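Biologist: I would like to look inside this protein. Can you take me through its core and its empty spaces?

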Amino acid sequence: METPNTCSFCSLFDSLMTDRGDGPIGSLPEHLLVEILTRLPTHEWVQISCVSKHWASMFRGEYLWQTAIARKWPSAGFRKRWPGPIPRGSARRRFQALYVSENLVPSGGEIDELVGHTYLYLKEQLERVAVPPSSILHGTIIDQFIACGRTGEKAHELASNIWIAVIDNLEENQQTFMLLKHLAQEGDFFLPFPYSRSYKVLWRVFDKLFTDFRDCFNGADYHEALAGAKSRFQPVPSSWLGH
C-alpha cells in the first residue's frame with residue numbers, strides 16, 4: 001500500500017474536521033475509523049480528538065494507541081515487560097515513550113522504549129512542586145537500567161543522555177528557572193560510579209541557566225550561581241559571564 005502524500009493527509013484532515021463525527025466518516029465502524037486516524041500526523045491528533053465525544057473516547061482508550069504502535073513500531077508489541085521501578089504503563093504511555101526514544105534522546109539510531117519511559121518518569125518528577133533530590137532520581141534511573149541488563153557504564157551514559165534531553169525540553173518559564181537553580185545549588189554527592197552525578201549534566205544545567213535564563217537572575221543570585229559554576233568548572237565559557 002502506498003504511503004499517502006502530504007496533500008492526501010491535508011485532504012483527509014479537512015474531511016475529518018468537516019465531518020464533525022456525525023457524517024459519513026463518523027459513521028464508519030470503530031476499527032476502520034482508528035485505521036484512518038492513526039494514518040494522520042500525530043500533531044493533528046489533539047485537534048481531531050476534540051471533534052466529538054466518541055472520537056475523544058477513542059483517544060482515551062487503548063485500542064487506538066495499540067494500533068498506532070503496531071503501525072509505527074511493529075516490533076515494539078513483542079517486547080517483554082521489564083523488571084525495575086519504572087513500569088511501561090498504558091498503550092498511550094508506551095506510544096509517548098517510543099516517540100521520545102525516536103525523536104528526543106540520542107540512542108545511536110535505535111528505538112529503546114525503556115529510554116523513553118525513563119525520560120517521561122524523570123520529566124514528571126522534575127515538574128513536581130516538591131522535586132526529589134537529583135541523587136535519588138539518578139539512582140532510580142541507574143537501578144532501572146542495571147535491572148534490565150545494562151552495564152554500569154552504559155546505564156550511566158543513558159542516564160546522562162536522558163537528563164540532558166529532559167533539561168533541553170523543559171518549558172522556558174519561571175518554574176524551570178527555579179528548578180535549574182535548585183539543581184545547580186545541590187551539593188556534590190560522593191557516590192560510587194555509576195551512581196555519581198554526571199558533570200556533563202551539571203554543565204548543561206549551568207549552561208542553560210546562564211544562556212537561556214540570564215535575564216531571570218538578580219545581581220546577587222547571578223554572582224552566587226557563577227561562583228558555584230567556577231568551583232566546579234575551570235575555565236567557564238565567556239557566554240556564562242555575559243560576554
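Modeller: Gladly. Keep in mind that this is a predicted model.

Biologist: Which residues of the largest nonpolar core touch the most other members?

Modeller: This core holds 46 residues. Seven helices, H6, H7, H8, H9, H10, H11 and H12, each supply at least two of them. The members that touch the most others are Tyr119, Leu122, Phe145, Ile162, Trp163, Phe206 and Phe210.

Biologist: Which helix gives the largest share of this core?

Modeller: Several helices contribute, including H8 (134-147) and H9 (152-168). The largest share is nine residues. It comes from H9.

Biologist: What is Phe210 in contact with, leaving aside its neighbours within four places in sequence?

Modeller: Phe210 is one of the core members that touch the most others. With its sequence neighbours set aside, its contacts include Phe217 and Tyr222. The others are Ala225, Leu226, Ala229, Ser239 and Trp240.

Biologist: How many residues are in the other core?

Modeller: That core lies apart from the largest one. Trp45, Ala68, Ala91 and Phe95 are among its members. Its size is 19 residues.

Biologist: Now the empty spaces. Which helix gives the most to the lining of the largest cavity?

Modeller: The search finds one cavity of 30 Å³ or more, and the volume is about 80 Å³. Its lining includes Ser134, His138, Trp163 and Val201. H8 and H11 each supply at least two lining residues. The most, three residues, come from H11.

Biologist: How do the residues lining the largest pocket divide into nonpolar, polar and charged?

Modeller: This pocket has a volume of about 300 Å³. Among its lining residues are Trp45, Phe59, Arg92 and Gln96. H6 provides the largest share, five residues. The division is eight nonpolar, three polar and one charged.

Biologist: Where does the second largest pocket lie, and why?

Modeller: Its volume is about 170 Å³. The lining includes Arg39, Ala68, Arg71, Lys72 and Phe95. Both domains give residues to this lining, so the pocket lies between domain 1 (27-39 + 53-71) and domain 2 (72-238).

Biologist: Which helix gives the largest share of that second lining?

Modeller: H5 (63-72) and H6 each supply at least two residues. The lining as a whole has six nonpolar, two polar and three charged residues. The largest share, three residues, comes from H5.

How values were computed
Residues are numbered from 1 along each chain as its sequence is written. This is a predicted model: local features need pLDDT of at least 70, side-chain atom pairs count only at pLDDT 80 or more; totals for chains, interfaces and linings use all residues. Side-chain values use heavy atoms; hydrogens and water are left out. A nonpolar core is a set of buried Ala, Val, Leu, Ile, Met, Phe, Trp, Tyr and Cys residues joined through side-chain atoms within 4.5 Å. Buried means under 20% relative accessible area, exposed over 50%, partly exposed in between (1.4 Å probe, protein chains only). Helices (H or I, at least four residues) and strands (E, at least two) are DSSP runs, numbered from the N terminus. Contact means heavy atoms within 4.5 Å. On a 1 Å grid over the protein atoms alone, a cavity is a set of points where a 1.4 Å probe fits but cannot get out, and a pocket is an open set with protein on both sides within 12 Å along at least five of seven lines; lining residues have an atom within 4 Å of a point. Grid points are joined across faces, edges and corners, and a volume is the space filled by probe spheres set on the points. Ala, Val, Leu, Ile, Met, Phe, Trp, Tyr, Cys and Pro count as nonpolar, Asp, Glu, Lys and Arg as charged, and the others, Gly among them, as polar. Domain bounds come from an automatic or database domain assignment.
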